[in-house]
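This report describes the fold, the packing and the charged contacts of one protein chain. Please keep the sequence and the structure in view while reading.

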Amino acid sequence: MQPVHLFDLAARQAQWASVRQSLIAGNIANANTPGYVARDIEPFSKILDSTHLEMTRTASGHVDTSGTSLETGKIKPEDSWDVSFSGNSVSIDQELIKAGGTERAFQLNASLVKAFHRMFLMSVRSS
């Protein structure tokens, strides 16, 4: 049986959400640290755009696929809404908005994996 790549893609997206949530928590933890520059990770859509996802070729009539690799993303300093007098660029409001978006992305990921898992089990049980 061939591996189901949707689970791999979902795992990568969950990893991305985990890394982003850690960065957000770190930014909030350092909200009062003088000179701290808030960090963020590239959006997952940008990672997907830079990744050349291709289908697996199992027969000569299939489209040729090779070089599939996914990355979780690069961490970079982010543009903040404001910079405080101490040189700190963390905006709590901005971090909380990002945390909410990351949570929604993770919940969507989990529900998609759950639905795909149910569909996978139904196909196994019916055969």
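## Basis of the description

A residue is called buried here when its relative accessible area is under 20%, exposed when that value is over 50%, and partly exposed in between. The model is predicted, and the statements below should be read accordingly.

## Overall arrangement

The protein chain has 3 helices and 2 strands, which follow one another from the N terminus in the order α-β-α-β-α. Of its 127 residues, 25% count as buried, and the accessible surface comes to about 8700 Å², of which 60% belongs to carbon and sulfur atoms. Among contacts between residues at least 6 apart in sequence, 67% join residues at least 24 apart.

## Helix 3 and its packing

Helix 3 comprises the 35 residues 92-126, and because a rise of 1.5 Å a residue leads to an expected span of 51 Å, the separation of 51 Å between its end C-alpha atoms agrees with expectation. The buried residues of helix 3 are Gln94, Glu95, Lys98, Ala99, Gly100, Thr102, Asn109 and Phe116, and against these pack helix 1 (5-29) and strand 1 (39-41).

Asn109 illustrates this packing: with a relative accessible area of 9%, Asn109 falls under the 20% limit and is therefore buried, and, neighbours within four places in sequence aside, Asn109 is in contact with Ala10, Gln13 and Ala14. Elsewhere in helix 3, Lys98 is likewise buried, at 9% relative accessibility, and its C-alpha atom is separated by 8.7 Å from that of Arg20, although the two residues are 78 apart along the chain. Ile97, also in helix 3, counts as exposed at 54% relative accessibility; its C-alpha atom is 10.0 Å from that of Ile24, a residue 73 places away along the chain.

## Nonpolar core and surface patch

In soluble globular proteins, nonpolar side chains tend to be buried together. The largest nonpolar core in this model has 6 residues, namely Trp16, Ala17, Leu23, Ile41, Phe44 and Ile47. Helix 1 and helix 2 (44-50) each supply at least two residues of this core, and the largest share, 3 residues, comes from helix 1.

Nonpolar side chains also appear at the surface, where Ile28, Ile92 and Leu96 make a patch of about 240 Å². Ile28 is found in helix 1 and, at 32% relative accessibility, counts as partly exposed.

## Salt bridges

The structure holds 4 salt bridges. One of them joins Asp8 and Arg12, whose closest N and O atoms are 3.8 Å apart; being 4 residues apart in helix 1, the two are separated by about one helical turn. Asp8, at 35% relative accessibility, is partly exposed, as is Arg12, with a relative accessible area of 25%.

A salt bridge is also formed by the side chains of Arg20 and Asp40, at 3.0 Å from N to O. Arg20 lies in helix 1 and Asp40 in strand 1, so this pair ties together parts that are 20 residues apart in sequence. Arg20 is buried, with a relative accessible area of 14%, and Asp40 is buried at 7%. Within helix 3, Glu95 and Lys98 are 3 residues apart, about one turn of the helix, and form a salt bridge with their closest N and O atoms 3.2 Å apart; both residues are buried. Arg20, Asp40, Glu95 and Lys98 are linked in a network of salt bridges.

Notes: Residues are numbered from 1 along each chain as its sequence is written. This is a predicted model: local features need pLDDT of at least 70, side-chain atom pairs count only at pLDDT 80 or more; totals for chains, interfaces and linings use all residues. Side-chain values use heavy atoms; hydrogens and water are left out. The expected span of a helix is 1.5 Å times one less than its number of residues. Buried means under 20% relative accessible area, exposed over 50%, partly exposed in between (1.4 Å probe, protein chains only). Contact means heavy atoms within 4.5 Å. Patches are made of residues with over 30% relative accessible area and no salt bridge: like charges are joined within 9 Å, nonpolar side chains (Val, Leu, Ile, Met, Phe, Trp, Tyr) within 5 Å. Accessible areas come from the Shrake-Rupley method with a 1.4 Å probe; for residues, only the protein chains shown count as cover. A nonpolar core is a set of buried Ala, Val, Leu, Ile, Met, Phe, Trp, Tyr and Cys residues joined through side-chain atoms within 4.5 Å.
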